[in-house]
Structures are given as C-alpha cells and as structure tokens.
Amino acid sequence: MIRGAIFDLDGVLLDSMAVWNDLGVRYLKKRDIEPEDGLSQILFSMSMEQGADYLKAQYYLPDTPQEILAGIEQMIRDFYFYEVQPKEGAEELLEFLQEQKVKMIAATSSPREHVTKALQRTGLYDYLQQIYTTGEVGVSKHEPRIYQLAAESLGAKPEETLVFEDSLYALKTAKKAGFRAIGVYDADGETDQEGVRQTGEVYITSLSEFRQYWMEVDDGIIETDHASE
C-alpha cells in the first residue's frame with residue numbers, strides 16, 4: 001500500500017520553471033533593455049551573484065551588483081506571490097490522492113515564503129500536510145534527508161511513499177533511498193528526459209496520467225480490487 005506522497009513544487013505542482021530559466025531576460029525587459037540572444041543559456045551555469053555581475057558589466061547598468069541581485073530577488077518573489085499557476089492537473093491529482101487516503105507533503109528547494117503564498121493563492125495548500133525546504137533542512141536534494149524527514153512526518157516507510165520529481169538528480173536520490181520515484185515531465189525543466197523516463201517507476205508527461213496508472217497497476221503501487229480478491 002502507498003501511504004504517503006512527497007511532491008517537488010517547481011516543475012511538478014507549480015508551473016514555475018520558466019521564471020528561473022529567464023531571470024536575466026525578464027529583469028532587463030522590465031527595465032526596457034533588449035537582452036542579447038542566448039542570454040538565458042549564458043546565465044544558466046552562473047550563480048545569482050555571478051549573474052548580477054555579468055548583467056552590470058555587459059549592459060552597463062548603473063546599479064551595484066547587490067542592487068541588481070535585490071531587484072531579481074524581488075521579481076522572483078512577485079512571481080510566486082502574484083503570477084505563478086499550478087501545473088495542469090495538479091489539483092485534480094492531489095484531490096484524487098486525498099480520496100485514496102494518501103497523506104501528502106511538499107519538498108522544495110525554493111524559499112518557504114514564496115511557495116507558501118503560491119500554494120495558498122492557487123488553492124493547493126490545504127492538500128499538503130507540511131512543506132519541507134532544502135534551505136531549512138540544510139542539504140540539497142543530492143542527499144535524501146529531505147525525503148526521509150517528510151516520510152517520517154507522514155508516518156510512512158520509503159517503500160510506501162511516492163516521490164514526484166521533474167529533476168533527474170533528485171529522482172535518482174529518491175530512488176536510491178528506496179522511495180517510489182515518479183518522473184514528471186516539464187517543458188522548461190530537465191533536459192535529460194530519457195534519464196527521467198528510465199529512472200522513475202513511471203514517467204508521466206502530464207499529472208492527469210498518474211490516475212490511470214494508479215488504477216491499472218494491481219501488483220505494485222496499490223492494492224486494487226483485483227489484487228485484494
């Protein structure tokens with residue numbers, strides 16, 4: 001039996017990956033500055049601090065790097081507070097799992113304040129018992145600690161717990177720790193989709209697909225009517 005589910009937020013329940021991929025472009029356009037082609041790719045491998053330095057030097061911005069960074073952080077905050085939408089099928093999936101008596105928790109690398117406001121505004125917050133963040137846990141999802149803490153809170157063993165992730169590295173971490181890893185496609189997320197497909201117990205291109213998978217599998221993920229006969 002599956003007793004719990006742990007959801008990543010960005011790219012899984014929230015349609016938010018695009019803002020992280022286009023931070024520099026968004027920041028410049030907000031200031032009526034036309035960004036160079038390929039700016040997002042240039043900034044992709046940089047930290048936010050390095051990105052702020054690059055924008056100042058490349059676009060001759062009058063602000064200090066610290067002021068640029070603060071402006072970007074405010075833009076991210078506003079996006080979560082007022083703009084971000086749930087992924088298609090997110091609420092339906094949470095409602096379905098709730099009907100199956102599966103307890104649910106979020107595990108995210110984003111700031112608590114940002115995702116809490118987004119979840120409350122989009123109507124997803126009340127489905128989740130708790131939110132764990134890597135910042136508060138103290139280690140990234142390269143380590144399984146956040147999943148282990150979430151499972152303990154749910155009162156479920158790893159083998160009784162689904163982990164929904166769109167990032168390959170996080171999916172591998174969960175699977176290695178014994179969790180039931182579910183790979184989720186996001187158009188603005190993981191580039192190695194074949195890796196996600198191969199790593200997850202199941203690979204879904206939309207959240208609405210999981211319900212059908214749940215209903216069809218009768219010897220692994222749940223006890224269906226057929227399995228309990």
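Which residue of S4 does phenylalanine 7 stand opposite? In this predicted model, the residue facing phenylalanine 7 is phenylalanine 164 in S4. This pairing is a handy way into the structure, and the description below starts from strand S4.

Strand S1 (residues 4-7) and S4 run parallel and are joined by four bridges. On S4, phenylalanine 164 also stands opposite isoleucine 182 in S5. Strand S5 (residues 180-184) is likewise parallel to S4, with four bridges between them. Together with helix H10 (residues 168-176), S4 and S5 make a right-handed β-α-β unit. Strand S4 (residues 161-165) is largely enclosed by the rest of the structure, because five of its five residues are buried. Both of its faces are covered, with Thr161, Val163 and Glu165 buried on one side and Leu162 and Phe164 on the other.

The two phenylalanines of the opening question turn up again in the nonpolar interior. The largest nonpolar core comprises 52 residues, and Phe7, Leu13, Leu55, Leu97, Phe164 and Phe210 have the most contacts inside it. Helix H5 (residues 65-83) gives the most to this core, contributing seven residues. Setting aside residues up to four places away in sequence, leucine 97 touches Ala5, Phe7, Val102, Met104, Phe210 and Trp214. There is also a second, separate core of 15 residues, with Ile105, Tyr147, Val163 and Phe179 among its members.

Tyr147 leads to helix H9 (residues 145-154), whose buried residues are Ile146, Tyr147, Leu149, Ala150, Ala151 and Leu154. Their cover includes S1, strand S2 (103-108), strand S3 (131-133), helix H8 (134-137), S4 and H10. Just after H9, glycine 155 adopts a positive phi of about 75 degrees.

Charged side chains add another layer to the picture. Side chains of opposite charge can pair when their charged atoms come close. The structure holds nine salt bridges. In one of them, glutamate 160 pairs with arginine 3, with the closest N and O atoms 3.2 Å apart. Glutamate 160 lies in the loop between H9 and S4 and arginine 3 in the segment before S1, so this pair ties together parts that are 157 residues apart in sequence. Glutamate 160 counts as buried because its relative accessibility is 15%, under the 20% limit. Arginine 3, at 45% relative accessibility, counts as partly exposed.

A further salt bridge brings together the side chains of arginine 31 and aspartate 63, at 2.7 Å from N to O. Arginine 31 sits in the loop between helix H2 (23-30) and helix H3 (39-44), and aspartate 63 in the loop between helix H4 (48-59) and H5, so the pair ties together parts 32 residues apart in sequence. Here arginine 31 is partly exposed, with a relative accessible area of 30%, whereas aspartate 63 is buried at 17%.

Back on S4, glutamate 165 forms a salt bridge with lysine 141, the closest N and O atoms being 2.8 Å apart. The pair links distant parts of the chain, as glutamate 165 belongs to strand S4 and lysine 141 to the loop between H8 and H9, 24 residues apart. Both glutamate 165 and lysine 141 are buried. Salt bridges with shared partners join Asp8, Lys141 and Glu165 into one network.

Finally, a word on confidence. The chain has a mean pLDDT of 91, and 94% of its residues reach 70 or more. Among the elements of the chain, S1 has the highest mean pLDDT (98) and helix H13 (residues 225-228) the lowest (34). Over residues 223-229 pLDDT stays under 50, and the model has seven contacts beyond four places in sequence for them. Where pLDDT is low, the predicted coordinates should not be read in detail.

Definitions and conventions. Residues numbered from 1 in each chain as written. Predicted model: local features only at pLDDT ≥ 70, side-chain atom pairs only at ≥ 80, totals over all residues. Heavy atoms only, no water. Buried < 20%, exposed > 50% of the residue type's maximum accessible area, 1.4 Å probe, protein only. Helix = DSSP H or I, 4+ residues; strand = E, 2+ residues; numbered from the N terminus. Pairing = 2+ DSSP bridges. Right-handed = clockwise from strand over helix to strand, strands pointing away. pLDDT = per-residue confidence, 0-100. Contact = heavy atoms within 4.5 Å. Core = buried A, V, L, I, M, F, W, Y, C linked by side-chain atoms within 4.5 Å. Salt bridge = Lys/Arg side-chain N within 4 Å of Asp/Glu carboxyl O.
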